[in-house]
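Okay, thanks for having me. Let me put the structure up on the screen, and then I'll walk you through it.

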Amino acid sequence: MIRFINVSATLRWVCDLNKALSKYLIVGIIVIVVIAGVIAYVTFPKTTTPQITHVRFLAGVSGGGGYQFGMALIKIWQEKIPGVTFTLEATQGFIDNAKKMFAGVGELGVVPADEALKILKNVPPYNTSGYKVYSVLPLLPLTYFHVLVPIDSPINTFSDLNGRRVNILTRGSLTEQLAVQIFNALGINIVPTYLTHTDAAIALAKGEIDAAASTTFASQYKELALTKKLKVLSLSPAEVDKLKKALPYLSFETFDFGTQYEGCGKALVPISWTLVVARADLPEDFVYRLVKVIYESLGNLTATYPAAKELTPELLLKAPLPLHPGVIKYYSEIGIKVPEELRPKA
């Protein structure tokens with residue numbers, strides 16, 4: 001018997017088979033792509049951090065302490081963090097740095113703590129929309145505001161300076177600014193002079209002034225201490241309490257001034273903090289890398305910037321400005337607990 005093949009039905013069957021196979025093929029491809037995606041997600045490192053390729057460091061006046069410290073930091077970052085270009089920018093000073101960073105110019109910079117706190121508190125001129133900044137590293141050496149007098153002087157306390165001739169350095173200097181703020185807060189009325197360190201050391205030796213204020217360990221006073229014994233005035237507990245309320249950006253420390261001026265002893269004095277800060281929008285992981293690299297390269301940093309020998313992670317905990325989340329991440333890694341008041345507020 002001869003059987004006839006239904007060609008039309010066969011063709012329909014073949015078409016249906018092709019359609020079915022095509023569906024299975026598409027589903028198979030989708031499954032393979034999904035599996036590959038899962039494998040890639042699990043296998044390869046994940047990051048949500050934006051890629052940083054260029055960082056501007058606002059250093060302050062060319063050749064100054066902030067400029068030199070910034071240059072030393074950038075040298076290490078450039079060597080240890082490939083793919084990122086660091087640019088050191090000279091500015092008109094640390095207050096100028098604060099204004100620029102608030103405006104979004106510069107990712108890192110050297111800023112006085114009181115200016116940074118004004119930014120966080122939206123105090124004029126920072127009461128418009130702008131960028132917050134947080135601590136990354138302290139600028140070294142620390143700024144110890146201190147007052148030198150001859151050792152045989154009847155002046156023994158800050159209060160004894162009332163009505164006395166006190167040199168507060170040149171107008172517009174950090175020493176002059178701090179002296180005005182500190183003496184006003186303590187209710188002390190001095191007779192100010194505005195001599196350079198050189199002229200002030202000569203005037204102090206001749207008795208033409210009663211005291212000399214300083215925020216640096218000037219060589220002129222070191223030399224004077226070798227021929228005329230000096231002492232550094234110490235704050236009383238009551239004076240410290242007054243200053244804490246009036247000037248919250250200051251901290252206080254008993255420092256051995258005998259390490260700087262021959263024959264001087266220890267004194268409790270105000271510390272005015274100047275800090276390397278980062279804009280709040282600089283990614284946490286990136287700032288973590290910046291800090292980690294510096295603390296793991298302290299030998300190289302000190303060779304370039306000798307004052308860095310004082311740099312320890314714990315030092316920043318004494319400053320009044322909250323820490324950048326990237327710094328907190330590094331501190332957590334090395335077992336340092338950050339007080340709640342130094343954590344950024346939401």
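**Sheets, core and salt bridges**

Let's start with helix H9, residues 284-295, which lies across strands E1 (54-60), E2, E3, E4 and E13, and runs at about 10° to E4. Keep in mind that this is a predicted model.

So what does H9 lie on? Those five strands make up an open sheet with mixed pairing, and the order is E2-E1-E3-E13-E4. The edges are E2 (85-90) and E4 (133-138); each has a single partner strand, so one side of each has no neighbour in the sheet. On average, neighbouring strands here are turned by 35° against each other, ignoring direction.

Zoom in on E3 and E13. Residues 108-112 and 274-279 pair up antiparallel, over five bridges, and glycine 109 sits opposite valine 277 in E13. There's another helix here too: H4, residues 113-120, lies across E3, E4 and E13, at about 105° to E3.

Now over to the edge strand E4, and serine 135 in particular. Buried or exposed? Serine 135 has 0% relative accessibility, so buried it is. What does its side chain reach? The backbone oxygen of leucine 321, at 3.2 Å. Leaving out residues up to four places away in sequence, serine 135 touches a list that includes Leu275, Val276 and Val277, and also Pro322, His324 and Val327.

There's a second open sheet, with three strands in the order E5-E12-E11, and the pairing there is antiparallel. Its edges are E5 (143-144) and E11 (250-256), each with a single partner strand, so again one side of each is left without a neighbour. Between E11 and E12 (residues 266-272) I get seven bridges; leucine 250, for one, has serine 272 in E12 as its bridge partner.

Okay, the core. As a rule of thumb, nonpolar side chains in soluble globular proteins tend to be buried together. Here the largest nonpolar core has 109 residues, and the ones touching the most other members are Trp77, Val147, Phe158, Leu161, Ile182 and Phe183. Which element gives the most to this core? That's H9 again, with eight residues. If you want one residue to click on, try leucine 161: among its contacts beyond four places in sequence are Val147, Ile155, Phe183, Ile190 and Leu233.

Last topic, charges. The salt bridge count comes to ten. Take arginine 56 with glutamate 107, where the closest N and O atoms are 2.6 Å apart. Arginine 56 is in strand E1 and glutamate 107 is in the loop between H3 (94-102) and E3, so this pair ties together parts 51 residues apart in sequence. Glutamate 107 is buried at 11% relative accessibility, while arginine 56 is partly exposed at 23%.

Lysine 100 and aspartate 96 make a salt bridge at 2.9 Å, N to O. These two are four residues apart in helix H3, so about one helical turn separates them. Aspartate 96 is buried, at 16%, and lysine 100 is partly exposed, at 29%.

And H9 turns up once more: lysine 292 pairs with glutamate 333, closest N and O atoms 3.0 Å apart. Lysine 292 is in H9 and glutamate 333 in H11 (residues 325-333), so to speak distant parts of the chain, 41 residues apart. Finally, shared partners join Arg56, Glu107, Arg279 and Asp281 into one salt-bridge network.

Note on methods:
Residues numbered from 1 in each chain as written. Predicted model: local features only at pLDDT ≥ 70, side-chain atom pairs only at ≥ 80, totals over all residues. Heavy atoms only, no water. Pairing = 2+ DSSP bridges. Axes fitted to C-alpha atoms, helices over the stretch in contact; angles between N-to-C directions. Contact = heavy atoms within 4.5 Å. Buried < 20%, exposed > 50% of the residue type's maximum accessible area, 1.4 Å probe, protein only. Polar contact = N/O pair within 3.5 Å; in protein donor to acceptor, adjacent residues only side chain to side chain. Core = buried A, V, L, I, M, F, W, Y, C linked by side-chain atoms within 4.5 Å. Salt bridge = Lys/Arg side-chain N within 4 Å of Asp/Glu carboxyl O.
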